[in-house]
Amino acid sequence: MLPWLTIVGIGEDGYSGLGKQARRALLEASLIIGAPRQLNLLAPCLRAERLAWPLPFSLAPVLERRGRPTCVLASGDPMFNGVGASLARQLPAIELCVIPSPSSVSLAAARLGWPLADTQVVSLVNRPVSVLNRYLHTGERLLVLSRDGGTPALVANLLCTAGFCHSRVHVLEHLGGPEEACHAATAQAWQEATFRDLNVVGVELLADEGIAPLPCVPGLPDSAFMHDGQLTKRDVRAVTLGRLAPRPGQLLWDVGAGCGSIGIEWMRAHPGCRAIAVEADTGRQKVIGHNAATLGVPDLQVVNGRAPLALEGLPPPDAIFIGGGVTVEGVLATCWAALKPGGRLVANAVTLESEMALFNWQALHGGELVRIQVAQAQPLGNFQTWRQALPITLLDLKKPDHA
């Protein structure tokens, strides 16, 4: 099939900034679909019918015309967080002709003199500002795609709450057009500022004195989590996550999630990692939501209920962690049945009864049993001694690829 859909990236400089190929595509089009702002940038000489995207947004007007010549407008580079990327997930590449313009990110990096390879790009167009919490490290640079003119203030407030008040914040408005403007100040100065809706925020991160940013590796300090005692402790958590082996794009079930620490650290391992926290206690569910937002993974899904019933209908996981409830009838069997072939199951036990359940499961299905013992030096009079935490029995089991 020859390409029937042409996706033209257009910048703030409008029709005059387009190259010959893009202009020819628009001149030959019978229908042009885009946002009202983009359609208004076109030259009056174009004869094509102009159609604005529906509200709420849907790709249906394009997909319904499959096979008939159609032209779609996108901001800047259509394949960078744009409608082109959404259409490419629905259509094979052979049906598309994509003509990009410089993206707002490329223009922002050019104005600021920041190498893009060394800059983290984060979109807040359809996501909460709390996703930035996972990127807060002194010396790092962020380019943030804004939802509207209030986004820079949201970013500034988050930075100050997290202890990064002295970070340098740049707001770049209407990049590439006649109304382009650039502003810069500290986060502390812009907590109530408003800007034009079309903007990109650049952040040069600097932690306040006494603030220690969280590490990138698994095993965050226990103090990083709000909890009521239902927390997989730091050293055991690091070992558990190492056994779970997070990989990009994979889904984890955190069964009996407590405060959500395992699912949260799984998602922090890579932006593509997804997790579902299954927890029956409503108070702990709220704690999970708080911890997920504070630690930069607000997309963590929380399921209200008790396993195994709460697991029905959930998408099949690539890995499962069972932090409690292995003695409950059907939990291990339901998890094992739902796990994808080649997936990993890790379960922790503290009591003799739960340890025996893991031993019996390992006898049937194989895997590795590991005993984890952690002791901390604590005062004993004028001296110090080792205080032993309860030992943890861990089952690490991989499901056969052919299952």
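This passage walks through a parallel sheet, some aromatic contacts, two helices and a handful of unusual backbone spots in a predicted model.

Start with the sheet. Five strands make up an open sheet, and going across it the order is 3-2-4-1-5, with parallel pairing. The edges are taken by strand 3 (49-52) and strand 5 (96-99); each has a single partner strand, so one side of each is left without a neighbour in the sheet. On average, neighbouring strands here are turned by 20° against each other, ignoring direction. Further in, strand 1 (residues 5-10) runs parallel to strand 4 (residues 70-75), and six bridges link the two. Within that pairing, Gly9 sits opposite Ala74 of strand 4.

The loop that leads from strand 3 to helix 3 (60-63) is home to Pro56. The peptide bond between Leu55 and Pro56 is cis, with omega at about 0°. Residues with numbers close to these also feature in the ring contacts. Three aromatic pairs turn up in the structure, and one of them brings together Trp53 and Phe57: the ring centres are 4.9 Å apart and the planes meet at 55°, so this pair counts as tilted. The two partners differ in how much of them can be reached from outside. Trp53 is buried, at a relative accessible area of 11%, whereas Phe57 is partly exposed, at 47%.

Another of the aromatic pairs joins Trp336 and Trp361, this time edge-to-face, with 6.4 Å from centre to centre and 80° between the planes. Trp336 belongs to helix 10 (residues 331-338) and Trp361 to helix 11 (residues 352-365), so the contact ties together parts of the chain that are 25 residues apart in sequence. Both of these tryptophans, Trp336 and Trp361, are buried. Trp336 has a further companion: Lys399 lies over the face of its ring, 5.8 Å from the ring centre.

What else is tucked away in helix 10? Besides Trp336, the buried residues there include Val331, Leu332 and Cys335. Together the buried four cover an arc of only 125° around the axis, which puts them on the same side of helix 10. As for what covers them, the list includes strand 11 (251-255), strand 14 (319-322), strand 15 (344-349), helix 11 and strand 19 (392-398). Helix 11 thus shows up in this cover as well as being the home of Trp361.

Helix 11 also carries Ser354. This serine is buried, with a relative accessible area of 8%. Once its neighbours within four places in sequence are set aside, Ser354 is in contact with Val326, Thr327 and Ala349. Of these, Ala349 falls in strand 15 (344-349).

Helix 5 (residues 104-112) has buried residues of its own, namely Val105, Leu107, Ala108 and Ala109. Their cover includes strand 6 (120-123), strand 7 (141-145), strand 8 and strand 10 (199-204). Just past the end of helix 5 comes Gly113, with a positive phi of about 75°.

Positive phi values also appear in residues other than glycine. Asn81 is one of them, with phi near 55°. This asparagine sits in the loop that connects strand 4 to helix 4 (83-88), and at a relative accessible area of 55% it is exposed. His174 is another, with phi near 45°. Its place is the loop between strand 8 (168-173) and strand 9 (181-186). Is His174 buried or exposed? With a relative accessibility of 12%, His174 counts as buried, unlike Asn81, which is exposed.

One more backbone feature rounds off the picture. The peptide bond that runs from Ala307 to Pro308 is cis, and its omega is near 10°. Pro308 is part of the loop between strand 13 (301-304) and strand 14. Strand 14, in turn, is among the elements that cover the buried residues of helix 10.

Notes: Residues are numbered from 1 along each chain as its sequence is written. This is a predicted model: local features need pLDDT of at least 70, side-chain atom pairs count only at pLDDT 80 or more; totals for chains, interfaces and linings use all residues. Side-chain values use heavy atoms; hydrogens and water are left out. Two strands pair if DSSP finds at least two bridges between them. Axes are lines fitted to C-alpha atoms, for helices over the stretch in contact, and angles run from 0 to 180 degrees between N-to-C directions. Rings of Phe, Tyr and Trp (its six-membered ring) pair if their centres lie within 6.5 Å; planes under 30 degrees apart count as stacked, over 60 as edge-to-face and the rest as tilted. Buried means under 20% relative accessible area, exposed over 50%, partly exposed in between (1.4 Å probe, protein chains only). A charge sits over a ring if NZ of Lys or CZ of Arg is within 6 Å of the ring centre and within 35 degrees of the ring normal. The arc is that of the directions from the helix axis to the C-beta atoms. Contact means heavy atoms within 4.5 Å.
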